Amino acid sequence: MTKNIKILWADDEIDNLKPQIIFLQQKGYDITPVTNGHDAIDKCKEEAFDVVFLDESMPGITGLETLTRIKALNTQLPIVMITKNEAEHIMEDAIGAQITDYLIKPVKPNQILLTLKKIIDNRRLVSEATTQGYQQEFRHIISAIQMGLDHQEWVEMYKKLVYWELELENALTLDMQEVLAMQKKEANTEFFKFINKNYINWIQGRTDAPTMSHNLFRDKILPALDPDPQVSNFIVLIDNLRYDQWKIIQPILSEAFRFVSEDAFYSILPTSTHYSRNAIFAGMMPAEIEKRFPTMWLNDSYEGGKNLYESDFLSAQLKTLRFEGKHSYTKITNHQDGQSLVDSVHNLLNNRLNVIVYNFVDMLSHARTEMEVLKELASDERAYRSITRSWFTHSPLWQALRRIEDKPINLIITTDHGTVRVQQPSKVIGDRNTTANLRYKHGKNLQYTPKEVLEIKRPADAKLPAPNVSSTFIFAREDLFFVYPNNYNHYVQFYKNTFQHGGVSLEEMIVPIARFTSK
């Protein structure tokens, strides 16, 4: 692996480093020695090097100044600073100038070799170790899925699958990524059977159930609030945020806040904003919301927004749960709203509880379906995660949170449901009043393939509103999406490979809730 690896070594005492240089040459590295910063810069202009070793204290120009000039020539060139000086400000200046590593003299040959291994062979070594780790886990995952899991074990299994998905992706092991994709597909097949068997029992209270949308506040949010009246609690609900997308933005949040814990809950069915988010804020299942707030529950046939009363639902739920203290509710639906949040976020610190709903990921999902350029930019899960990370990094939401990072706050990040990339069409026939969603349908006299759906012929069993007496709900399994026979091929091509929600999959139903505090 050392063939053709070219190293530039700049040190005014280069003659004293002959043992280290000979050692590396015997390992196959090509070493170019120079004695000052000016020569190092000139060499970098003339030749391409893979690594630069740079003495911090040299005559003429310092190692730090040499570092800055070399970085101006090639920002990606790995540079290792070597110095006798252990002063903290020297280390900080070097790190700020984006060195790759920092070594203190005297350096031993094996130290140099280890540094080179980390720089040159890092990706290969990580790839090999990651592949080996997943291969060892592979059979355990298969065995666990086939043996049968309870609702908490399914949460842990999904987290494990996402962990390996991200690890293998970072290691660029394409073969193993394909194996994992097949394993995730098998997991979703078994997860659908599990939900099909248990969902109604959970809703009816006949068996042990996980925390779900309608009891999220009661079970997980209110118990996690900081009781200190000097601490302001912020609940940020980012709509349609899958667990893997959450894992991508978690490190960003950890830059400003101290990570405390991570948990998950199950979205109710349908896994869509209209149902799951209303259930979260009302603390009730949809049929119960319709009964208690008949003018505020809006069925699928309603043309306008169907989440117009979340603030009212939240206030009623907090009263029921005997929450004491001032609270606020803020919904962000566009960039202007986001900038207003940035400007006014300090005012929210006067409240004990602040709930912020941020609508972006859901809009991204829908826009991606309609816009060819976004289909190209978010062509698969990896690209979808990348766009989510880029959005969050530059979002008004992150700007607002950074403005209060030095205040005593307790921050909870969660979502309402996830999304799944659909691949397989499933034919459905219904009348003009049948809902348009690609992952769930309800209506009269629906015709469909029973084995491809979770069917609920009595909506009341799942505590879902029934627009008419003969309404049936069906939910697509795994990565299926519903298509009408009319113009079938056109819609199959249009919607295949898009991100949708409303049905039954690990990605849609098992969603994160995480807690941070001020550092």
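In this predicted model, the chain is built from 20 helices and 18 strands. Its C-alpha trace spans about 90 × 50 × 40 Å along the principal axes. Of the 519 residues in the chain, 52% are buried. Among contacts with a separation of 6 or more, 75% join residues that are 24 or more positions apart.

Turning to the surface, the chain exposes about 24,000 Å², with carbon and sulfur atoms supplying 48% of that area. Charged side chains comprise 59 positive and 66 negative ones, and the centres of these two sets lie 5 Å apart.

For the interior, a helpful place to begin is the largest nonpolar core, which has 105 residues. Trp154, Phe191, Ile195, Tyr199, Ile238, Leu253 and Tyr266 have the most contacts inside this core. Helix H8, covering residues 174-204, gives the most to the core, contributing 10 residues. In soluble globular proteins, nonpolar side chains tend to be buried together.

Ile238 offers a closer view of such packing. Beyond residues up to four places away in sequence, Ile238 touches Ile249, Tyr358, Val361, Trp391, Phe392, Leu397, Ile413, Thr414, Thr415 and Asp416.

A further position worth a look is His442, which sits in strand S13 (residues 440-443). His442 counts as buried because its relative accessibility is 5%, and the cut-off for buried is under 20%. With neighbours within four places in sequence left aside, the contacts of His442 include Tyr275 and Asp300, a group at Asn433, Thr434 and Thr435, and also Pro467, Thr472 and Phe473.

Notes:
Residues numbered from 1 in each chain as written. Predicted model: local features only at pLDDT ≥ 70, side-chain atom pairs only at ≥ 80, totals over all residues. Heavy atoms only, no water. Helix = DSSP H or I, 4+ residues; strand = E, 2+ residues; numbered from the N terminus. Buried < 20%, exposed > 50% of the residue type's maximum accessible area, 1.4 Å probe, protein only. Contact = heavy atoms within 4.5 Å. Areas by Shrake-Rupley, 256 points an atom, 1.4 Å probe, with all protein chains shown as cover. Lys, Arg positive; Asp, Glu negative; His and termini not counted. Charge placed at Lys NZ, Arg CZ, Asp CG, Glu CD. Core = buried A, V, L, I, M, F, W, Y, C linked by side-chain atoms within 4.5 Å.
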